[in-house]
Amino acid sequence: MNSARAEGTALTGSAGHAVPRIVIADHSDDGRARLAEILRDQPWQVIGAADGRAVIDLVGAGHADLVMMDSRLGALDGLEVCRRIRRDGDHRLVPIVLISNGDEVADRIAAFEAGANDVFAKPLQRDEVVARVRSMLRLKSASDRLEDVRQVIFALAKAAEAKDRFTLEHAERVADSSSELARRLKLAPKVIEQIRVGALIHDVGKLAVPDDILNKPGPLTADEFDIVKNHPVVGAEIVLPLMGQRDLYAIVRHHHERYDGRGYPDGLAGEAIPISARIAAVCDAYDAMVNQRSYRAAVSHQRALETLLAGRDEQWDGRIVDAFVAIQEQR
């Protein structure tokens, strides 16, 4: 195996970007050499690993864009390595391929349940392996770009929250309660994650609201309220690159819609409002009520619940209000 590609620093492509790094793991030198031979003459940096611990360390250090490993790696086998990488929030999106000695359905199911993206059965066919690796690396590159956009938007949302001295940690509380409520309603895990992220950034559009309006100690004028009402539209424009994550986008744009159609910015009513936005609206309203604002004092927990119940099927979806109240009453 070419030592420069196995252990050296990242090579650079013609566009000046670091080429993808593929960690290949096998307990034997011969096994790693065979994998390296399959991946030869490709614009990839190949890094060898002799055991599962080495794989985890390389991934943790950010040296892997894709992992290909034999399912049998000794004490720390491929399945356990998968599980540990998936538990690591910073690197959970790294594609993982397990290489199996056979093509048993049970083995493939176990691999996918552990977090593998694909399973290659021996003997490996070079053209097929290269094509599938290219496909996974393209998806990884797209995911990385999307994650970079998300981090920028998170920073903007934090900046928006910092403009209002009364909303410290408001977004985190709304995100926690929204995701808990989504689980209560038995939504899919992918939807729950989008709801959590959407709730974290739901007020990012307040970046466009002047500080003197956000922090005004008293009622807003009609013109001032119109400026505030524009923040979901501004927020939706900011998160437009994430529009493919529809539940996340829906929260940012529609968390001020009302169930009776008298909300903003689009005047949606009933189930035309995405369920993610209906969930966030209830949690956002509750948190706003029980915490002080520049224009009013906080109300009690019980008074906030009474207000939500009074607004069932008018301001908020009654089914979601009931589920929120049930969660609160169980505490």
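Which side chain meets that of Glu-37 in a salt bridge? In this model, which is a predicted one, the partner is Arg-40, and the N to O distance between the two side chains is 2.9 Å. Glu-37 counts as partly exposed because its relative accessibility is 43%, and Arg-40 is partly exposed as well, with a relative accessible area of 35%.

That pair belongs to a wider set, since a search of the whole structure finds 24 salt bridges. Among them is the one between Glu-224 and Lys-216, where the closest N and O atoms are 2.7 Å apart, and here Lys-216 is partly exposed, at 22% relative accessible area. Salt bridges can also be joined to one another, and in this structure Glu-80, Arg-83, Arg-84 and Arg-87 are linked in such a network.

Let me turn now to Asp-203, which forms a salt bridge with Lys-206, the closest N and O atoms being 3.6 Å apart. Both Asp-203 and Lys-206 are buried, and Asp-203 will come back in a moment when we look at the cavities.

How many cavities of 30 Å³ or more does the structure hold? There are two, and the largest has a volume of about 110 Å³. Its lining is made by 13 residues, and those that lie nearest the centre are Ala-157, Ala-160, Glu-161, Thr-167 and, once again, Asp-203. Two elements, helix 6 (126-163) and helix 7 (170-184), each give two or more residues to this lining, with helix 6 giving the most, namely three. If we sort the lining of the largest cavity by class, we find six nonpolar, three polar and four charged residues.

The second largest cavity has a volume of about 40 Å³, and its lining includes Tyr-259, Trp-316 and Asp-317. By class, this second lining divides into five nonpolar residues, one polar and four charged.

Helix 6 also holds Lys-163, and I would ask you to find this residue in the structure: is Lys-163 buried or exposed? It is buried, because its relative accessible area is 19% and the cut-off for buried is under 20%. The C-alpha atom of Lys-163 is separated by 6.3 Å from that of Asp-211, although the two residues are 48 residues apart along the chain.

Finally, on the surface, Val-152, Leu-156 and Leu-207 make a nonpolar patch of about 210 Å². Leu-207 is found in the loop between helix 8 (189-200) and helix 9 (211-214), and it counts as partly exposed because its relative accessibility is 31%.

Conventions. Residues are numbered from 1 along each chain as its sequence is written. This is a predicted model: local features need pLDDT of at least 70, side-chain atom pairs count only at pLDDT 80 or more; totals for chains, interfaces and linings use all residues. Side-chain values use heavy atoms; hydrogens and water are left out. Patches are made of residues with over 30% relative accessible area and no salt bridge: like charges are joined within 9 Å, nonpolar side chains (Val, Leu, Ile, Met, Phe, Trp, Tyr) within 5 Å. Accessible areas come from the Shrake-Rupley method with a 1.4 Å probe; for residues, only the protein chains shown count as cover. A salt bridge is a side-chain nitrogen of Lys or Arg within 4 Å of a carboxyl oxygen of Asp or Glu. Helices (H or I, at least four residues) and strands (E, at least two) are DSSP runs, numbered from the N terminus. Buried means under 20% relative accessible area, exposed over 50%, partly exposed in between (1.4 Å probe, protein chains only). On a 1 Å grid over the protein atoms alone, a cavity is a set of points where a 1.4 Å probe fits but cannot get out, and a pocket is an open set with protein on both sides within 12 Å along at least five of seven lines; lining residues have an atom within 4 Å of a point. Grid points are joined across faces, edges and corners, and a volume is the space filled by probe spheres set on the points. Ala, Val, Leu, Ile, Met, Phe, Trp, Tyr, Cys and Pro count as nonpolar, Asp, Glu, Lys and Arg as charged, and the others, Gly among them, as polar.
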